[in-house]
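Hi,

Here's the structure I said I'd pass along. Have a look at it first, and then read on for what turned up.

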Amino acid sequence: MYNKNDIIDIEITGLTSEGEGIGRSDGFPFFVKGAIPGDVIRAGITKLKKTYAYARLIELLKPSGDRCEPLCPAFGRCGGCRLMHMKYEAQAKYKEEKIIDTLSRIGGMDREKLEELNEGFISAVSPLRYRNKAQYPFGKDKNGDIVFGFFESRSHRIVPCGDCLLGGVEDGKLLLLLKDWMEENGIEPYDEQSGKGFIRHALIRRSRENGDMMLCLVINGKKLPAADALIERLAGIPSVKSVMISINTKNTNVIMGEECRLIWGEPGIRDSLRLLDGKDFSEISGVKREFFISPLSFYQVNPEQTERLYATAVSYAGLSGNETVWDLYCGIGTISLMMAANAKEVIGVEIVPQAIADAKENARFNGVKNVRFIVGAAEEVVTDESLPRPQVVVVDPPRKGCDRICLDTILKLSPDRIVYVSCDPATLARDLSILRSGGYELKRFRGCDMFAQSHHVETVCLLSNRKPDTKVRIDVDLEDYYRIKDSKKNQN
Ligand code: SAH
């Protein structure tokens, strides 16, 4: 038997869904942060459970061939890039395998069949510098100096980081400029403990289309002091086209306040997405959509990969021009507007009213007339019998997946095809079980890397209608799957 603080030597053979190494000693599994498959390590047991344990990496006895030097000095402390110590090809392989493994383990699907249906992983074109958005918290270090960066994993300690390698090259310059301006004008960063201080976060967004940047300062107050001095300094970075403030005077973990005000320039920036063609996305169709992005609107953070993801979703929808398409969980209508080019009508449904307002504006701006956007919970809106029945339903839910009522209603409406865009393979596996037992067959799928260096993965699936399969189990229990996560949470 093992005891806490025991030292063990193990070989890492897998990665958990959270990106931690798994190794076994006498068949007993150990989870080790920072270790990857192929590593032989010395580790100290930090927490023992009945069926598994956590251990801390002490020494790398023999490094895996998939290892690389993490490029960011904040790696390991910042909660962002959990896989930066893995060569990119190995990251992509891990993510592709994670989808197949989860669909077979949780969804009960046959592995060989899944390998047949897999149309190939869509690796990141740019594994670094791909993000168009970052939110940097401001605070003070032990010496009382102003710092900015990212929160440490599962905490609110700031890991100083002046140049996030996933973000834009100009972010660092902008942040330093902000720091200088704060110091010169006696503007304090916000302190979560006391609720005092002023600057909470700097939100930076960037357009891939033209490089335009938006700065939104989240402040603990109603008015920005020394605004003129800030604007004057910002002239040094001509790509900044919009300066806003977000008023957040509450003592809360939520970053953005409810009210945003324009300080200087435009009220947002514009970006565009093209509809790509071809399995390898080498062709560009004539469809291009422009989107207006304000500080509060949801917009995918990796435009390059978003184009690949959407192209896959559109090709899976198999549109001929005669279909009514429902785009559930539509955000600001990006998928709806892509689909509209080849559909009779697209109906987008989204729960956030501001996103629907943006979606309508985006439709108008792009001159797309055959779309309709409805505010509401997908599970409620789909039951409205006055809506035209869909031939194709697209769902793109948040991590928790689709509501059961939503899936049951889709099954009742019996569209020819369902395109499921998922950001969590576990809830995808659960929802596919429900759809399969209700008469849909998984036809094809592809994983897509929207978040290189992180452990997250996106999946696009095509399902088509056939006879119900009574053999599929739908009493899928995610508790087992999440127990690991929960116990980790408790540990910290
Ligand atoms: N398809 C969009 C957005 C996907 S993110 C895109 O590609 O950009 C998931 C969206 O689902 C978010 O905009 C979120 O606000 C929305 N959402 C969450 N729960 C919902 C629900 N019950 N009904 C409808 N929309 C919901």
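Let me start with one residue: Glu209 has a relative accessibility of 41%, so it counts as partly exposed. Bear in mind that this is a predicted model. The side chain of Glu209 meets that of Lys288 in a salt bridge, with N to O at 3.5 Å. The two sit in distant parts of the chain, 79 residues apart: Glu209 is in the loop between β9 (199-206) and β10 (213-219), while Lys288 belongs to strand β14 (residues 283-293). Lys288 is partly exposed as well, at 43% relative accessibility.

That pair is a nice way into the domain layout. The protein chain splits into domain 1 (7-67), domain 2 (133-267) and domain 3 (276-488). Between the C-alpha centres of domain 2 and domain 3 there are 33 Å. In the contact between them, 15 residues of domain 2 touch 16 residues of domain 3. Together the two domains bury about 1100 Å², and 60% of that is on carbon and sulfur atoms. On the domain 2 side, Arg205, Arg208 and Pro267 provide 45% of the area buried against domain 3, more than any other three residues.

How many salt bridges are there between domain 2 and domain 3? The count is two. For the whole structure, the number is 25.

Next, take a look at Glu307. Its side chain meets that of Arg208 in a salt bridge, at 2.7 Å from N to O. Glu307 also forms a salt bridge with Arg274, where the closest N and O atoms are 2.8 Å apart. Since Glu307 lies in helix α5 (residues 303-317) and Arg274 in strand β13 (residues 269-277), this pair ties together parts that are 33 residues apart in sequence. Is Glu307 buried or exposed? Glu307 is buried, with a relative accessible area of just 1%. Arg274, on the other hand, is partly exposed at 29%.

My other stop is strand β16 (residues 345-350). Six of its six residues are buried, so the strand is largely enclosed by the rest of the structure. Glu345, Ile347 and Val349 point one way from β16, whereas Val346, Gly348 and Glu350 point the other way, and all are buried. That fits a general pattern: in a regular strand, side chains alternate between the two faces of the sheet.

What does β16 pair with? One partner is strand β15 (residues 324-328), which runs parallel to β16 over five bridges. Here Thr324 has Glu345 of β16 as its bridge partner. β15, helix α6 (residues 334-339) and β16 make up a right-handed β-α-β unit. Strand β17 (residues 371-375) is also joined to β16 by five bridges, again in parallel, with Glu350 standing opposite Val375 of β17. The chain gets from β16 to β17 through helix α7 (residues 353-365), and this β-α-β crossover is right-handed.

Helix α7 has a salt bridge too: the side chains of Glu361 and Arg364 meet at 2.7 Å, N to O. The two are three residues apart in the helix, so about one helical turn separates them. Glu361 is partly exposed at 33% relative accessible area, while Arg364 counts as exposed at 57%. Elsewhere, Glu97, Arg111 and Glu115 are joined into one network by salt bridges that share partners.

Cheers

Notes:
Residues are numbered from 1 along each chain as its sequence is written. This is a predicted model: local features need pLDDT of at least 70, side-chain atom pairs count only at pLDDT 80 or more; totals for chains, interfaces and linings use all residues. Side-chain values use heavy atoms; hydrogens and water are left out. Buried means under 20% relative accessible area, exposed over 50%, partly exposed in between (1.4 Å probe, protein chains only). Helices (H or I, at least four residues) and strands (E, at least two) are DSSP runs, numbered from the N terminus. Two strands pair if DSSP finds at least two bridges between them. A crossover is right-handed if, with the strands pointing away from the viewer, the path from the first strand over the helix to the second runs clockwise. Domain bounds come from an automatic or database domain assignment. Contact means heavy atoms within 4.5 Å. Buried area is the accessible area (1.4 Å probe) that two parts lose on being put together, summed over both. A salt bridge is a side-chain nitrogen of Lys or Arg within 4 Å of a carboxyl oxygen of Asp or Glu.
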